[in-house]
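Biologist: Hey, could you walk me through this one? I haven't looked at it before.

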Number of protein chains: 2
Amino acid sequence: MAVQKEIWQQIGEGFVQEYYRQFDTTDRTGLGNLYSPTACLTWEGSIFLGREAIAGKLASLPFKVIQHRITEQDCQPTPDSCIFIMVIGQLKVDQDPIMGFHQVFLLKHQDGAWSCTNDVFRLAIHNIPA
Amino acid sequence: MAVQKEIWQQIGEGFVQEYYRQFDTTDRTGLGNLYSPTACLTWEGSIFLGREAIAGKLASLPFKVIQHRITEQDCQPTPDSCIFIMVIGQLKVDQDPIMGFHQVFLLKHQDGAWSCTNDVFRLAIHNIPA
């Protein structure tokens, strides 16, 4: 008998699936709707505060085609009823070689829906042993 | 003039420094004190619930000597006054080759002190593009 996944894991994995699905379309402007109005994104060390700033950053990334592939995703519930998610994966941008990436999300239930309040993204290129 | 770091960044970076300092000593049993009593650790996909289970797991890792080197650490404050941290770095265990790792922490102020409520760790070996 299959064991049913915990609800926080279902919600976390559903968010991750929808996030990268929207990211890999030709129109990334919809990504902003996955963030709370006051969310915080740290993208390669630069901070973007608020849904509009985050949506603008993600929509303006300088490539035409991107494809994400998730290697691992780990979800946990937090004491404040949030969902904590770490994703590691690989991405391919235009004709560039495949690169590893790491991204973490914190999801919170606000105003009747789950949205991302905190997001940190880093490419793995910083972390290749010499 | 140097810009003073935000308090959440000072606390986050202080935690990270202390965490890996204790991890790299010969006695890792003190690491449990950095976690809240009901903390959750996902270590390479396996979940450990509570400070005692986490301290036991970390103390029993099968190596004699470990050294961590942090490549990047990104901190953010959360809506529930927690601190969200992503660390990427490299580690060397005994005589093994250097490996990349990723670890995320959520810190919460409870009972007069900051402690870790959520922790996810993964080695980067899962994520090397072919």
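**A helix with two sides**

Modeller: Sure, and keep in mind that this is a predicted model. Let's start with H1(A), where A:Ile7, A:Gly14, A:Gln17 and A:Arg21 are exposed on the other side from the buried residues.

Biologist: OK, and which residues of H1(A) are buried?

Modeller: Those are A:Gly12, A:Phe15, A:Val16 and A:Tyr19. They sit on the same side of H1(A) because they cover an arc of only 95° around the axis.

Biologist: What do the buried residues of H1(A) pack against?

Modeller: Against S3, S4, S5 and S6 of chain A.

Biologist: And how many residues does H1 of chain A have?

Modeller: It has 17, covering residues 7-23. From first C-alpha to last, H1 of chain A reaches 24 Å, close to the 24 Å expected at 1.5 Å a residue.

Biologist: Switching to chain B: in what order do the strands of the sheet come?

Modeller: The order is S2-S1-S6-S5-S4-S3, an open sheet of six strands with mixed pairing. S2 (46-49) and S3 (66-77) of chain B are the edge strands, each pairing on one side only. On average, neighbouring strands in this sheet are turned by 15° against each other, ignoring direction.

Biologist: Where does helix H1 of chain B pack?

Modeller: H1 of chain B (residues 7-23) packs on the sheet and touches S3, S4, S5 and S6 of that chain. Its direction makes about 160° with that of S3(B).

Biologist: What about H2 of chain B, which strands does that one lie across?

Modeller: H2 of chain B, residues 51-59, lies across S1 and S2 of chain B, at about 50° to S1(B).

Biologist: Back to chain A for a sec. How many bridges join S1 and S2 there?

Modeller: Four, and the two strands run antiparallel. One residue facing across is A:Cys40, which stands opposite A:Leu49 in S2(A). The hairpin has two residues between the strands, and A:Glu44 takes a positive phi near 50° there.

Biologist: Last topic, the contact between the chains. How many residues does each chain give?

Modeller: Chain A gives 31 residues and chain B gives 30. On the chain A side, S1, S3, S4, S5 and S6 each give two or more residues.

Biologist: Which element gives the largest share on the chain A side?

Modeller: S5(A), with six residues.

Biologist: And how do the residues on that side divide up by type?

Modeller: The chain A side that touches chain B has 14 nonpolar, twelve polar and five charged residues.

Note on methods
Residues numbered from 1 in each chain as written. Chains lettered and ligands numbered in written order. Predicted model: local features only at pLDDT ≥ 70, side-chain atom pairs only at ≥ 80, totals over all residues. Pairing = 2+ DSSP bridges. Axes fitted to C-alpha atoms, helices over the stretch in contact; angles between N-to-C directions. Contact = placed C-beta atoms within 7 Å. Nonpolar A, V, L, I, M, F, W, Y, C, P; charged D, E, K, R; others polar. Expected span 1.5 Å × (residues − 1). Buried ≥ 20, exposed ≤ 12 C-beta atoms within 10 Å, placed from the backbone. Arc of directions from axis to C-beta.
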